[in-house]
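Thanks for sharing this one. Here are some friendly notes on its strands, meant to be read with the structure open beside you.

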Amino acid sequence: MTTRREPPLSDEARPFWDATRDQRFVLPWCTTCDAAIWYPRTACPRCLGDTVEWREDAGGGTVYAASVHTRPAPGRAEEDGPYVVVLVDLDAGARMMSNVVGCPPEDVEIGLRVALAWEPLSDGRHLPVFRPA
Amino acid sequence: MSTGSMRGAAAIVGVADAASPTGELEIRGRVLEAAMIRAALDDAGLGLGDVDGVCCSGIATGIAEYLGIHPRFVDGTFVGGSSFEVHVEHAAAAIAAGLCEVVVGVYASTPRQDRRLGPTVPSLGPMGPDVGAEWEAPYGPRMPMTSYALAASRHMAQYGTTSEQLARIAVDARRWAARNPRARHRDPITVDDVLASTMTVSPLHQLDCCLVTDGAGAYVLTSAERARDRPRPPVYVLGAATGLDHWVISEMPDLTVTPGAISGPAAFGHAGIGPDDVDVLMSYDSFTITALLHLEDLGFCAKGEGGAFVEDGKLGPGGALPMNTNGGGLSYSHPGQYGMFLLVEATRQLRGEGGDRQVAGAEVAVAHGCGGVLSATGTVVLGTGATV
């Protein structure tokens, strides 16, 4: 298991994190704008509407930006390096930070199609990461 | 929006800064802030009793209390390293509106002393939901470097910008630093040196990244009327504007466009001039990519053309667009929120006090701050008396 700084669990994101226990990827959608919201929050950042519903998503996406880290960040073990930090544009229309795993980090190019993968966290939640599609 | 009221209504009449080739200063905290304010007021020929406004990127009332003054105007806006340019915008507007007359802005940060001696101020505690901790930190970014690395990766993929082109910005900053005896690093470097330096967060090399040093500075801003009888030539605020659009990098709408695309044109609009009129550009260079994005967003070249624009060395001594004449955050000093030094060096250039690094005949300078992770910009257009 990769060592990581484990994420806190905010109240606004509880449905997201709870779903990850079953390795389900759910995104908050604003029902007024019919658009995905990321990061999870109570008010839609487009219309400030508060009618948010959680929809299951396949988690496909495209790498928007990528940086190979040869020296691990605080909280990650030396043997975890090198790894690649990416921004992924989800097909659902939101952008999130993540890692691409399952291939050499230097092979991760901008524009690469990626699919969802999961890494376990210590409290039963899972962290969404990506692998080449 | 009216653009007439701020132009030339306020002027910088005093500046001071502190930096050391060792990277470490001998005092810190409020003592250092007070020393900077005293030096800037001396430079302005003014005293503490004249001051009726205080700006800092924190708790401005705390500084006022320490100094024993009772200002009519405070601004503690914190938008990272661009805070000081944003303060000048606010203070110039306040002076133009008659809210106050003499404003001091101050900054001091001593990461090197603090590392050796321990911090001076206990943590002020959490600032609400921690978006970075929940949605970024688990993926192992090395902040703030990772944010700028991601922006650089995107600019390279989208526009074909190269590491060699980014390196040129660091090389030219070092050429200026060679002329500044207080600069942390003065030995010449080449593009090859930059490319050979360690790369821990691709595509940025160590020499693409700014320094970590102690440093401090202050300025005094007053009304045009009071500026006229000061000992040093007034440096007028011709225009100023702010741009904000995100706080964490994963929320930045387009990693190749900073909010400088908002604040830059707005500040030029207030000033009634454009990029072609700028004699000295003081532009926040936390990383080489930061400075490259500013050149595009401020309109010195088209979006995507920054790499080709810098290739010929025009940013260095003798070049067509002298940039960061003190050596910049890359080679002079960078204590964390570098924007104060942009204002100080721009003022010195417009007063003709640049010494070996003076840009001949400089009449218009821009101080362009950028804080957070490309999150917030403050653009201040400054001019000599001849420009008002």
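1. A good place to start is chain A of this predicted model. Five strands form an open sheet there, in the order S6-S5-S4-S7-S8, with antiparallel pairing. The edge strands are S6 (95-99) and S8 (126-132) of chain A, each pairing on one side only. From one strand to the next, the twist averages 35°.

2. Next, look at one pair in that sheet. Seven bridges connect S7(A), residues 113-120, with S8(A) in the antiparallel sense. Within S8(A), Pro128(A) is the residue that stands opposite Trp118(A).

3. The other chain also comes into play here: helix H6 of chain B (residues 145-159) packs on the sheet and touches S4 (61-69) and S5 (83-90) of chain A. The direction of H6(B) makes about 125° with that of S4(A).

4. Now for chain B itself. Strand S8(B), residues 364-371, is largely enclosed by the rest of the structure, because eight of its eight residues are buried. In a regular strand, side chains alternate between the two faces of the sheet. Val364(B), Val366(B), His368(B) and Cys370(B) point one way from S8(B), while Ala365(B), Ala367(B), Gly369(B) and Gly371(B) point the other way.

5. Which strands pair with S8(B)? S7(B), residues 280-283, runs parallel to S8(B) and is joined to it by four bridges, with Met282(B) partnering Ala367(B). S9(B), residues 376-383, runs antiparallel to S8(B) and is joined to it by eight bridges; here Gly383(B) stands opposite Val364(B).

6. Finally, do check the hairpin of S8(B) and S9(B): four residues lie between the strands, and Gly372(B) takes a positive phi near 65°.

Note on methods. Residues numbered from 1 in each chain as written. Chains lettered and ligands numbered in written order. Predicted model: local features only at pLDDT ≥ 70, side-chain atom pairs only at ≥ 80, totals over all residues. Buried ≥ 20, exposed ≤ 12 C-beta atoms within 10 Å, placed from the backbone. Helix = DSSP H or I, 4+ residues; strand = E, 2+ residues; numbered from the N terminus. Pairing = 2+ DSSP bridges. Axes fitted to C-alpha atoms, helices over the stretch in contact; angles between N-to-C directions. Contact = placed C-beta atoms within 7 Å.
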